[in-house]
Amino acid sequence: MKIGIIGTGSHIPSIITKNENFLDHQFMETDGSSFEQKNNVIIEKFEAITGISNRRYAQPDLKTSDIGFLAAEEAIASAGVNKEELDYIIFAHNFGDLTPGKIQGDTLPSLATRVKHLLRIQNPKCVAYDLIFGCPGWIEGMIQATAFIKSGMAKKCLVIGAETLSRVVDRHDRDSMIFSDGAGAAILEANSPKGEILSHASETYANEEAYYLYFDKSNSPLESKDTRYIKMQGRKIYEFACINVPKAMASCLDDSGVDIEDVKKIFIHQANEKMDEAIIKRFYKIYGKPVPENVMPMSIHDLGNSSVATVPTLYDMVLKGKLPEHEVKKGDVVIFASVGAGMNINAIVYRY
């Protein structure tokens, strides 16, 4: 059975936040002490490592479920399917609906249920649920949808990845410059004429790696200790990803039976430009090959890291010609890969 992507959609938020917007922030160490370096130096080093110069923030009146709905609506139109025929709506996120100024995420009802409501789907057999799997959530949702279709439990599944990370960042933490908002969606179908999933792989490392990403108080001692923000051990994440992601990608590729020479594009989670480059370099080194030119599309420079949304938005942008230096043609083999909180890793080898 060929299980493939028949439609994609995305929502790129309209608020552009440039690096210079952080010049007046008071960045602090985790103990509340100030950095010796001035903000312009911190920002310059940040951009050199991450590649991020801009990031997108959602309009205040749009929640995570709202931008997920917008991406889903576009994916349905792209696929040309009847929304009432969807068997599953899987919504990958990590923080629920976040309202600016409030300290709690809202997941009641589930964000998938909210999207079904906004789509006005009447069919009660269209099952909607949320998936929390860190940044690899959208890819994991695609893997779960594949399992549903293989088992005969579904024929068409909508998988959404969306996040509004701008609402859970600590303005006193320099890592706040990494995170952004966005949403991407795709529809998977049995016996698809448009492509097929050839293999997939997932892993969870939950010993010392479990708390590389976590929730904690602000770096500033003047901020409320009741409000929690996304925090990370950046160096440990970098080292973990560079060691483990290439091996997982190679395992997935080997399972697909596809030769490394036939891989045309790698859609990797947009977390950090230098980290992604190191991962791809190590991946090709496993096969004794140099990294092909233009194999890795990147959107992080202008969109930042929107967690579960980076891979589906990047893929949608390439398919729709929004990154003109990249294209995917019929028969091309691509890899989707991600790493994030858990620590979780996953990958999909896909023939377009």
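Me: Ala, Val, Leu, Ile, Met, Phe, Trp, Tyr, Cys and Pro count as nonpolar, Asp, Glu, Lys and Arg as charged, and the others, Gly among them, as polar. By class, what does the lining of the largest cavity have?
Reply: Happy to help! This is a predicted model, with local features needing pLDDT of at least 70 and side-chain atom pairs pLDDT 80 or more, while totals for chains, interfaces and linings use all residues. Residues are numbered from 1 along each chain as its sequence is written, and side-chain values use heavy atoms, without hydrogens and water. Ile-12, Pro-13, Arg-56, Asp-181, Gly-182, Ser-299, Leu-303, Gly-304, Ser-306, Thr-310 and Thr-313 form the lining, which splits into two charged, three nonpolar and six polar residues.

Me: How many cavities of 30 Å³ or more does the structure hold?
Reply: A cavity is a set of points on a 1 Å grid over the protein atoms alone where a 1.4 Å probe fits but cannot get out, and lining residues have an atom within 4 Å of a point. Volume is the space filled by probe spheres set on the points, joined across faces, edges and corners. The largest cavity has about 60 Å³ and the second largest about 30 Å³, and the count is two.

Me: Which element gives the largest share of the lining of the second largest cavity?
Reply: Helices (H or I, at least four residues) and strands (E, at least two) are DSSP runs, numbered from the N terminus. This lining includes Trp-138, Ile-139, Val-311 and Pro-312, and has seven nonpolar, three polar and no charged residues. Both α4 (137-151) and α8 supply at least two residues; the largest share, three residues, is from α8.

Technical notes: On a 1 Å grid over the protein atoms alone, a cavity is a set of points where a 1.4 Å probe fits but cannot get out, and a pocket is an open set with protein on both sides within 12 Å along at least five of seven lines; lining residues have an atom within 4 Å of a point.
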